[in-house]
Amino acid sequence: MRHGKKFNHLGRTASHRAALLSNMASSLILHKRIETTVAKAKELRKYVEPLITKSKDDSTNSRRVVFSYLQNKESVKELFGVVSEKVANRPGGYTRIIKLGNRLGDNAEICMIELVDFNETLLAAAAEKATKTRRSRRGGASKKAEVSAAEVVETAPVAEAPAAEEVTPAEETSTEEKTEE
C-alpha cells in the first residue's frame, strides 16, 4: 500500500532524479529564474531552499555539503557570494513559482520558478508602492481625463491646419469670380 508516501518520483529513477534536481538547482542559482513544469518546480523548491538556508553560514563544512548536492563550483560560488548576501535577513521562502499556462506539445502545466530577491521589476513596484501617499478621491480620475482631453484638443487643430491652407483650383476660380463682381 502507498499510504502516506507523498514523494513525487517525477517518473525517474533515484539517480536520474538526483541529477535532474542538481542541474535545475544550479541553473536556478546561476540564472535566478528558470521555466519548467509545475511538478518539477515544486520538487526543486524542496531541494534548493535548504541549500540556500545552509549558504547563510559560510563555513567550509556548509560549502562541502552544498557542493555534494550541486556538483558545480560556479553555482556554489554564486550561492555563497551573491545569493546569501541578498537573503541574509529572510527567514525562508526564497523561491516563487509563477504559473504560465500549458505547454503546446503535451499540455503540461508550465511555470517559472525564480529567486524572490532577484526580481527587479517586483522590487521596484514594491518600493514605488511604499513611497505613495494617501490622496482624496475627488481629483484623481477627473484630472487625468482633463489632461488627456487637452492633449487631444491641442493635437487636432495642428493636424487640420495644413489642410485648411491648401486651396483647390476650383475654389480659386470661384473666389476670383466673387472678387471681380
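Colleague: Quick one to start: is Asp-58 buried, partly exposed or exposed?

Modeller: Asp-58 is partly exposed, because its relative accessible area is 48% and the cut-off for exposed is over 50%. Keep in mind that we're looking at a predicted model.

Colleague: Okay. And which residue forms a salt bridge with Asp-58?

Modeller: That's Arg-63. The closest N and O atoms of the two are 2.9 Å apart. Arg-63 counts as partly exposed too, at 31% relative accessibility.

Colleague: Why would two side chains pair up like that in the first place?

Modeller: Side chains that carry opposite charge can pair when their charged atoms come close.

Colleague: How many salt bridges does the structure hold?

Modeller: Seven. One of them joins Lys-32 and Glu-78, with 2.6 Å from N to O. That pair links distant parts of the chain, since the two residues are 46 apart. You'll find Lys-32 in the loop between α1 and β1, and Glu-78 in helix α4.

Colleague: Is Lys-32 buried or exposed there?

Modeller: Lys-32 counts as buried, because its relative accessibility is 14% and anything under 20% is buried. Its partner Glu-78 comes out at 23%, so Glu-78 counts as partly exposed.

Colleague: What about Glu-43 and Lys-46, where do those two lie?

Modeller: Both are in helix α2, three residues apart, which is about one turn of the helix. Their side chains meet in a salt bridge, at 3.2 Å from N to O.

Colleague: Why does a spacing of three places work in a helix?

Modeller: An α-helix has 3.6 residues a turn, so residues three or four places apart point the same way.

Colleague: And how do Glu-43 and Lys-46 compare, buried or exposed?

Modeller: Glu-43 is buried at 8% relative accessibility, whereas Lys-46 is exposed at 53%.

Colleague: Which residues are linked in a network of salt bridges?

Modeller: Arg-33, Arg-96 and Glu-114.

Colleague: Changing topic: helix α3. Which of its residues are buried?

Modeller: Helix α3 runs over residues 60-70, and its buried residues are Ser-62, Val-66 and Leu-70. They sit on the same side of α3, because they cover an arc of only 65° around the axis.

Colleague: So what's on the other side of α3?

Modeller: Over there, Thr-60, Asn-61 and Arg-64 are exposed.

Colleague: Back to the buried ones. What do they pack against?

Modeller: They pack against three other helices: α1 (14-31), α2 (38-55) and α4 (73-86).

Colleague: Which residue follows α3?

Modeller: Gln-71 does, and its phi is positive, near 60°. Gln-71 has that positive phi although it isn't a glycine. You'll see Gln-71 in the loop between α3 and α4.

Colleague: Is Gln-71 buried or exposed?

Modeller: Gln-71 counts as exposed, because its relative accessibility is 53%.

Colleague: Last thing: what's up with the phi of Leu-10?

Modeller: Phi of Leu-10 is near 60°, again a positive value in a residue other than glycine. Leu-10 belongs to the segment before α1.

Colleague: And is Leu-10 buried or exposed?

Modeller: Leu-10 is buried, with a relative accessible area of 14%. So to put the two positive-phi residues side by side: Leu-10 counts as buried, while Gln-71 counts as exposed.

Notes
Residues are numbered from 1 along each chain as its sequence is written. This is a predicted model: local features need pLDDT of at least 70, side-chain atom pairs count only at pLDDT 80 or more; totals for chains, interfaces and linings use all residues. Side-chain values use heavy atoms; hydrogens and water are left out. Buried means under 20% relative accessible area, exposed over 50%, partly exposed in between (1.4 Å probe, protein chains only). Helices (H or I, at least four residues) and strands (E, at least two) are DSSP runs, numbered from the N terminus. The arc is that of the directions from the helix axis to the C-beta atoms. Contact means heavy atoms within 4.5 Å. A salt bridge is a side-chain nitrogen of Lys or Arg within 4 Å of a carboxyl oxygen of Asp or Glu.
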